[in-house]
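Here are my notes for anyone opening this one for the first time. Keep the viewer at hand and go through the points in order.

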Amino acid sequence: VTAGPALLPLLLLAAAPLGLWLARGLLPARSRVARFGTATLAGAGVLMGVVHALLCVGVPARLGAPLVGAAGLAAGCWLLAREWRRRDPSAAPARRRPARTALLEGAPLALLGLLLFVPLSDARQIGITENDTVRIWAPKAVRALTEAPPRLEGWDQAHPEYPRGVAILTGALSMPLGGLDPRLPRFVGLFLFAATLLCAFDALSARGNPWGGLAAMAILGSLPVPMRHATSGLMDGTLGGFILLAGLGLSAPAPGRRAIAVAVAGAWGALATKDEGLPFFGAVMLVLAWDFIRRPRGWTVQLGQAIERPRIATALVLSALVAAPWVLLRSQVHGEPLLLQNSPQNAGLLLMRADLILRELGHLALGLQNPFPGGYSQPDVPPGGDLMVFTAIACGVVLLVGRRRGGFTVLPAMLLLVTDFFVIAFSTVGIDWQLVTAYNRLTLQVFPLLLVAAVDKLTSPDPADPGPAPAEARAAAAA
Amino acid sequence: MKPSSVSPIGLLSVALLVCSGCSRVAVEWTPGPEEVELVAKGPKDAVLLVLAGPPNGPHTMPGNPKIWTTVGPDKPWAPGGLEVTRVPFDSTGTARAKIPAGPLGNEPVLVQAVALSATEAGRALAVSDCVVVFRKDGAVVVRPHLLHVARSPVWWTLGGALALVVLGVLARRVRLPWRRVSVVALPLVLLAAAWLVWLRARAPADATPGPWPDPSLPLISRRLPLPPVKDPVDRVTRPGFRAFLDGVRENAPPGETISILPAATEGPTWHDAWQAAWMLWPVRAVVLDPKTDPWASRGLYLTLDDGPKRPGARVLFKNGAACLWRVQEGDPK
């Protein structure tokens, strides 16, 4: 059975209805436009994860994408229609004030258009040019449709350890056109980045902070590095979108199956997007498993406040099924060994490496003294001066200072960074090379979530703040 | 034990200790005035190799990359170590050796012992703790490398990082009146966002990435310094690339894989080879190592410069910049 190429874009069409059902009731959607962005990311994450898992067990995406897309489209539409029928007809629809509606629906749309006008016109005119896009991602987009399971060896497989999720999306769009247009990888990345911007607005506006949402959108869409990556066809910005989505699910003020579903959708999307998505996926699963174990008083996320144990278990089992084919396939790629076995004998060198990592990070991020003068660092990445890294540091400081209940869960993103720090310290590859290539893209991957969490912490109204106590209560407390 | 009481760090530490015990050579170092004597306990039927040099590792051992050392051969950025001595383990699993300390100066030298298999040439079985040997007041001193590093200025960096962590923990305990903070912070965050949008609005219309840091992307208009070519393929490659690809696709025998032979692994040729590889789809194409010898095998080849790399090959398609050619069985070499 070979599905016709025309059916392949069903995969993208299915993302919105499926995601709308998944994200429905997650948070009070103050902006339907923004919720559409969140839903698209969630639907894309689930569909990519499933098609990618099928690809890894031998079902080519040429077949898997239309089948999963059609099933997702049908299921999403049916579930949405069912919920629509079930709603209480006597309940009066909430009155929306025109000015507020204009702000919540029109402002993010207008800002999105303003921020993405030039990148869209660039993508319309120019094909991909980045070395990694040309050498790594575009070949995978072509072959993901036909090669099942994906081949992990050969000269034409640069970085075979990367998953093929976004490559499947790109291929599904390109096949009906008769060939992979070199502009398509840029359009797919931009589309997902637009969804990420709307998701950032959704996350904050749903907490009663539309101005903060607009600020987060503007910051994310104006910094040079995220914008350049969004239009390049590279995967780090896309991965950042899925990490934001998972953080949104894990931090939902109204815990329940929708929160778990959105967190898992983000984790699946991350898993299928890039290699760093695998530790992030593992971190989300750890957080869910921790919540499962520590219930009913989970301290990492708020899911533990509700009776969600069976749902968490279901999410963990489904996630294991989605991840297992890729993890098994991926384990066949043997890279550089990790320096674990004799680390106690060589603990002095490991201490020296930890020192070098810290000094190199200080050099790259803040422009401090170079610990590797004459090393083999890339000459085209001079240190310091990057606005995104400075903003990320500022966000980190904001998130560190003081506790505030009901904030965003950034723990999985931090676990991703710690894992990568660990891998770099225990890797045989030179530290300067590892960090030069890693520090900027790792920052980009966690940046959307860090930014939204920091803006939320600083600017959202505090629902937990009881305000000034009445005089009687104060007197009673004093007594 | 409750599952929640098992910490990942504890599990990792246990795993590391278990792993290290499997491949460890226990060495007793005895410094003398003119030499350092060592007694090693290790596997029978093995040879003890003692290395000395600077800490330029990690060096994974040939034949067993899971085993690694601090001292080893040359690295691009540092001189390598020397083999000092090589002695076999006896039937009780003991090896004794003496390292001359006469040439030793005040500069510390790292010494590490490796047990090599006597039966499998070059296969490492275990390594010892790395130690530092140096002279202090005329006497030879042997000290664990870990201790030596711990007494070095490394602790300024690690102590600084630790101080930041402690500061972070303390900062978490700060109590802030969030309602008042948000009143001040929201305008500040909006101002920061407006400033970044303003940077984009002010960016020159021809701003392109690099040199670092990247300039802001223009907000409204963009005049790219590119020729006004309509075909987007020509924007990423040389003019005429589309016609060349179409020609190759039309002339390639169906079902065969095209092997693209770039002239080098860098520069435009390398870029073009990869562009061609994925843009030839649905014709299957792979990029070969430029060192590949097309004389060795038959097949369908594409070269992105002049003609075929093999005399006598049958040319299927050729235009000014590329050539598709076939090597068949029986073709002259």
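1. Let's start with a residue at a chain crossing: is Glu147(A) buried or exposed? Glu147(A) comes out at 10% relative accessibility, so it counts as buried, since the cut-off for buried is under 20%. Bear in mind throughout that what you are looking at is a predicted model.

2. Now see what Glu147(A) is doing there. Its partner in a salt bridge is Arg284(B), and the closest N and O atoms are 2.9 Å apart. This pair runs from one chain to the other: Glu147(A) sits in the loop between helix 5 (131-143) and helix 6 (165-174) of chain A, while Arg284(B) sits in the loop between helix 7 and strand 13 of chain B. Unlike the buried Glu147(A), Arg284(B) is partly exposed, at 35% relative accessibility. Over all chains, the salt bridges number 16.

3. Staying with charges, have a look at chain A for a group rather than a pair. Asp236(A), Lys274(A), Glu276(A) and Arg441(A) are joined up in a network of salt bridges.

4. Next, chain B as a whole. It has 333 residues, and 43% of them count as buried. You'll find 7 helices and 16 strands in it. If you take the contacts in chain B between residues at least 6 apart in sequence, 54% of them join residues at least 24 apart. The exposed area of chain B is about 18,200 Å², with 61% of that supplied by carbon and sulfur atoms.

5. Two of the sheets in chain B deserve a stop. One is an open sheet of 3 strands in the order 1-2-7, with antiparallel pairing. Its edges are strand 1 (26-31) and strand 7 (94-100) of chain B, each pairing on one side only. From one strand to the next, the twist averages 20°. As a reminder, strands of a sheet pair through backbone hydrogen bonds, either parallel or antiparallel.

6. Zoom in on the pairing between strand 2 (residues 35-41) and strand 7 of chain B, which is antiparallel and extends over 7 bridges. To find your way along it, look for Ala40(B), which stands opposite Ala95(B) in strand 7 of chain B. Side chains link these strands too: Glu35(B) and Lys98(B) meet in a salt bridge, 3.8 Å from N to O. Glu35(B) belongs to strand 2 of chain B and Lys98(B) to strand 7 of chain B, so this pair ties together parts that are 63 residues apart in sequence. Glu35(B) counts as partly exposed, with 33% relative accessibility.

7. A further salt bridge in chain B is made by the side chains of Glu120(B) and Arg123(B), again at 3.8 Å from N to O. Glu120(B) is partly exposed at 46% relative accessibility, and Arg123(B) is partly exposed at 27%.

8. The other sheet is also open, with 5 strands in the order 13-12-14-16-15 (chain B) and mixed pairing. Which strands stand at its edges? Those are strand 13 (285-287) and strand 15 (314-318) of chain B; each has a single partner strand, so one side of each is left without a neighbour in the sheet. The twist here averages 25° from one strand to the next.

9. At one edge of this sheet, strand 15 and strand 16 (residues 323-327) of chain B pair in the antiparallel sense over 4 bridges. Val315(B) has Trp325(B), in strand 16 of chain B, as its bridge partner. Then find helix 7 (residues 267-279) of chain B, which lies across strand 12 (258-261) and strand 13 of chain B and runs at about 160° to strand 13.

10. Back to chain A for two contrasting spots. Leu245(A), in helix 10 (residues 236-250) of chain A, has 0% relative accessibility and so counts as buried. Residues that Leu245(A) touches include Thr38(A), Cys199(A) and Val262(A). Another is Ala42(A): it is 203 residues away along the chain, yet the two C-alpha atoms are separated by 7.2 Å.

11. On the surface, look for a nonpolar patch made of Leu366(A), Leu368(A), Phe390(A), Ile393(A) and Val397(A), with about 440 Å² of accessible area together. Helix 15 (residues 387-400) of chain A gives the most to this patch, with 3 residues. Phe390(A) is in that helix and is partly exposed, with a relative accessible area of 37%.

Conventions:
Residues are numbered from 1 along each chain as its sequence is written. Chains are lettered from A and ligands numbered from 1 in the order in which they are written. This is a predicted model: local features need pLDDT of at least 70, side-chain atom pairs count only at pLDDT 80 or more; totals for chains, interfaces and linings use all residues. Side-chain values use heavy atoms; hydrogens and water are left out. Patches are made of residues with over 30% relative accessible area and no salt bridge: like charges are joined within 9 Å, nonpolar side chains (Val, Leu, Ile, Met, Phe, Trp, Tyr) within 5 Å. Accessible areas come from the Shrake-Rupley method with a 1.4 Å probe; for residues, only the protein chains shown count as cover. A salt bridge is a side-chain nitrogen of Lys or Arg within 4 Å of a carboxyl oxygen of Asp or Glu. Buried means under 20% relative accessible area, exposed over 50%, partly exposed in between (1.4 Å probe, protein chains only). Two strands pair if DSSP finds at least two bridges between them. Axes are lines fitted to C-alpha atoms, for helices over the stretch in contact, and angles run from 0 to 180 degrees between N-to-C directions. Contact means heavy atoms within 4.5 Å. Lists of a residue's contacts leave out its neighbours within four places in sequence.
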